[in-house]
Amino acid sequence: MLRMASSFPEEVLEHVFSFIYDDKDRNAISMVCKSWYEIERWCRRRIFVGNCYAVSPPMVIRRFPEVRSVELKGKPHFADFNLVPEGWGGYVYPWIAAMATAYPWLEEIRLKRMVVTDEALELIAKSFKNFKVLVLSSCEGFSTDGLAAIAANCRNLKELDLRESEVDDLSGHWLSHFPDSYTSLVSLNISCLGSEVSFSALERLVGRCPNLRTLRLNRAVPLDRLANILCRAPQLVELGTGTYSAELQPDVFSSLAGAFSGCKELRSLSGFWDAVPGYLPAIYPICPSLTSLNLSYATIQSTDLTKLVSQCQSLQRLWVLDYIEDIGLEALAAFCKDLRELRVFPSEPFAQEPNVSLTEQGLVSVSEGCPKLHSVLYFCRQMTNDALATIARNRPNMTRFRLCIIEPRAPDYITLQPLDDGFGAIVEHCKDLQRLSMAGLLTDRVFEHIGNHAKKLEMLSVAFAGDSDLGLHHVLSGCENLRKLEIRDCPFGDKALLVNAAKLETMRSLWMSSCSVSFGACKLLGQKIPRLNVEVMDERGPPGSRPESCPVEKLYIYRTVAGPRFDMPGFVWTMDEDSALRLS
Amino acid sequence: MEGVVAYENDLNLKATELRLGLPGTERNQEQAVSCARNNKRPLPETGDQNGGAKAKSDAPNTPPAPKAHTVGWPPIRSYRKNSLQQPKQTAAESSVMYVKVSMDGAPYLRKIDLKVYQGYPELLKALENMFKFTIGEYSEREGYKGSEYAPTYEDKDGDWMLVGDVPWEMFMSSCKRLRIMKGSEARGLGCGV
């Protein structure tokens with residue numbers, strides 16, 4: 001055996017490994033034997049760190065010396081809904097500083113929910129000579145000054161994508177920092193920015209970058225400038241418009257329609273802020289070839305939405321507001337047979353009464369008509385067990401199912417029963433379900449169904465559900481592939497957590513807020529399980545100033561090989577052996 | 001339900017679980033809940049945070065969370081909530097609101113500033129003066145009776161609506177242009193549609 005292993009020269013193995021990109025496969029290779037571990041670590045070019053606190057920059061650099069592409073994720077998912085206070089953490093600067101010296105040839109940085117400062121962006125701009133890709137997804141902490149540094153210095157930049165980030169928008173002038181000699185742009189997404197960039201700078205940039213295939217503009221780009229931009233980039237594959245509203249003028253319309261017709265490669269559209277129906281026909285000629293359509297900012301009504309989607313026979317992904325109503329979803333089901341992903345957002349999330357006629361029936365129709373539908377995010381105001389069971393039977397291929405009923409704890413509106421059986425049907429029929437968010441009135445029984453059936457489930461989101469610790473116990477003991485669990489406002493306490501403590505080390509993270517987990521249980525978990533960081537978040541003051549049995553406000557537990565972190569703000573306490581002494 | 005008892009028996013909970021305190025002592029769950037209420041110091045006034053916090057400290061199985069002020073509910077990103085609100089705000093802030101007015105048969109259009117008028121009577125009077133015609137009497141059932149003209153407007157959705165059906169403020173925020181219809185078209189619109 002030993003002979004066989006050493007008779008393969010390293011170069012050959014390395015060459016074979018170079019065809020393997022997936023992280024899980026790479027991890028598997030590295031565990032075959034010591035020599036494969038060594039060879040693999042020297043030739044791994046891409047790393048993905050799902051929780052930036054699970055490992056430290058020096059540890060990563062020590063093991064993987066030749067990395068070209070890094071992806072990091074920071075804050076827990078519930079930060080998207082303002083449940084994580086300001087200053088919690090997720091700072092990227094220490095990573096950039098470490099990589100600046102260790103990876104001078106780094107090409108790609110992708111970050112999600114991290115705090116990125118202008119200093120970090122400036123350091124990126126000057127440290128990596130061959131820097132190509134910067135994706136900042138739901139990040140914050142930087143301003144347009146940082147973007148100016150990237151634009152000015154990264155000669156080989158191909159991709160700059162700021163999707164859904166919160167940027168301190170000082171001015172649009174940063175875009176003009178791309179030098180005239182810069183022509184390598186392939187993808188630009190500035191849709192989250194508020195202020196106006198110079199339109200002529202934008203047009204010139206677009207015009208001199210022949211490889212540009214993705215352009216997502218911001219709301220400040222007026223409709224009457226869009227035609228000019230499109231004419232300079234007829235090769236575009238993905239476009240996000242700016243504001244899609246203007247006075248109806250025949251000449252503006254015809255230039256726009258002409259420009260769209262000229263974009264023969266266009267497959268994905270987004271933007272459409274303030275959309276007026278009068279300008280929608282400008283995109284009709286390209287609708288049949290669209291595969292992705294994001295109308296979630298378009299406040300147009302169901303008649304116009306229906307007319308639009310009915311022409312998009314190749315549509316695979318649709319994001320839309322609930323203005324589409326059941327009737328529009330029926331049309332979607334009838335005409336868009338290739339649909340894979342549907343997201344319906346609420347137009348008036350805080351209204352008590354429904355403002356549109358969108359019910360469970362719309363989702364049932366799409367589940368019946370679209371055989372490839374596997375990913376759903378649906379906001380509505382009513383649901384029944386029958387509807388959920390129908391959806392489950394129709395779509396056993398469902399992999400991501402996220403339902404949100406606006407009213408917490410809403411029962412089946414016809415039978416007034418909990419929605420346990422409906423979601424039970426989902427997990428029973430959809431055997432490959434990876435992600436689930438539940439809604440409505442739910443008892444411990446739904447968790448029993450999940451524990452029994454949801455064997456491929458990786459991420460579960462729970463809110464205002466369950467009766468007792470039994471619920472949490474079912475999930476932790478039954479879901480073999482669970483990686484992320486996030487819970488809010490559920491009556492889960494210490495028992496289930498303590499019984500299933502070992503499970504927590506097999507998961508990426510657990511979030512619990514407004515539950516009944518006591519400070520004492522948190523301390524116990526932190527002390528007993530070595531490679532878990534147990535972090536208590538409490539804005540009422542130190543948890544030690546209250547009885548041990550007192551529930552904590554928020555709890556975030558994650559596995560790590562880096563030990564407790566040192567960048568916690570005043571309202572976060574870590575439970576480990578040392579802190580137990582400090583806190584008592 | 002058999003649930004809880006079976007859970008205790010099947011798992012042999014007490015034997016395997018990590019426990020707080022010495023073996024043989026029991027914890028009181030009620031104590032946990034009451035301490036949350038007693039020891040809570042007043043939170044700083046941070047709007048939603050405050051309302052949300054009160055919901056959090058309730059014991060299990062209490063009435064539903066307060067509506068509309070629970071932090072992070074419904075689970076929608078801030079930028080989405082903001083993008084739905086903005087257009088209305090900007091319209092309200094502006095001090096003038098010029099819209100085109102056309103009259104069937106007239107050679108050219110006029111423009112008027114809607115913000116100058118306090119309500120429908122003033123607006124209609126101004127239109128009558130501008131185009132030298134008379135508008136009939138408005139009723140919800142029959143529209144404008146007693147005249148061959150009907151004042152209409154184009155709304156944000158591109159539909160042509162009869163002036164006067166909706167509250168003035170709503171009309172102001174949705175009116176994009178005006179058209180004074182004449183003759184058979186006008187009568188068609190006014191006939192109890």
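The points below comment on a predicted model, taking chain A, then chain B, and then one residue from each.

1. In chain A, the secondary structure amounts to 21 helices and 23 strands. Along the principal axes, the C-alpha atoms of this chain occupy a box of roughly 75 × 65 × 55 Å.

2. The radius of gyration of chain A is 26 Å, and this agrees with the value near 25 Å that would be expected of a compact globule, because the chain has 584 residues. Of these 584 residues, 60% are buried. Where contacts in chain A with a separation of 6 or more are considered, 70% of them are between residues 24 or more positions apart.

3. Chain A has an accessible surface of about 22,400 Å², and carbon and sulfur atoms contribute 52% of that area. The chain carries 63 positive and 71 negative charges, and the mean positions of these two sets lie 7 Å apart.

4. For chain B, the secondary structure comprises 8 helices and 7 strands. The chain has 193 residues, of which 37% are buried. Among its contacts with a separation of 6 or more, those between residues 24 or more positions apart account for 42%. The accessible surface of chain B is about 12,100 Å², with 53% belonging to carbon and sulfur atoms.

5. Which helix of chain A holds Ala151(A)? Ala151(A) is part of helix H8, which covers residues 144-153. The residue counts as buried because its relative accessibility is 1%, where the cut-off for burial is under 20%. Leaving out residues up to four places away in sequence, Ala151(A) touches Trp174(A), His177(A), Phe178(A) and Pro179(A). For one of these partners, Pro179(A), the C-alpha separation from Ala151(A) is 7.8 Å, although the two residues stand 28 residues apart along the chain.

6. In chain B, Arg179(B) belongs to strand S7, which is made up of residues 177-182. Is Arg179(B) buried or exposed? Arg179(B) is classed as buried because its relative accessible area is 18%, and the limit applied to buried residues is under 20%.

7. The surroundings of Arg179(B) can be described further by its contacts. When neighbours within four places in sequence are set aside, Arg179(B) is in contact with Ser102(B), Asp104(B), Ala150(B), Pro151(B), Thr152(B), Trp160(B) and Glu185(B). A reader checking this site in the model may thus wish to view strand S7, to which Arg179(B) belongs, together with the contact residues, including Asp104(B) and Glu185(B).

Conventions:
Residues numbered from 1 in each chain as written. Chains lettered and ligands numbered in written order. Predicted model: local features only at pLDDT ≥ 70, side-chain atom pairs only at ≥ 80, totals over all residues. Heavy atoms only, no water. Helix = DSSP H or I, 4+ residues; strand = E, 2+ residues; numbered from the N terminus. Rg over C-alpha atoms; globule rule 2.2 N^0.38 Å. Buried < 20%, exposed > 50% of the residue type's maximum accessible area, 1.4 Å probe, protein only. Contact = heavy atoms within 4.5 Å. Areas by Shrake-Rupley, 256 points an atom, 1.4 Å probe, with all protein chains shown as cover. Lys, Arg positive; Asp, Glu negative; His and termini not counted. Charge placed at Lys NZ, Arg CZ, Asp CG, Glu CD.
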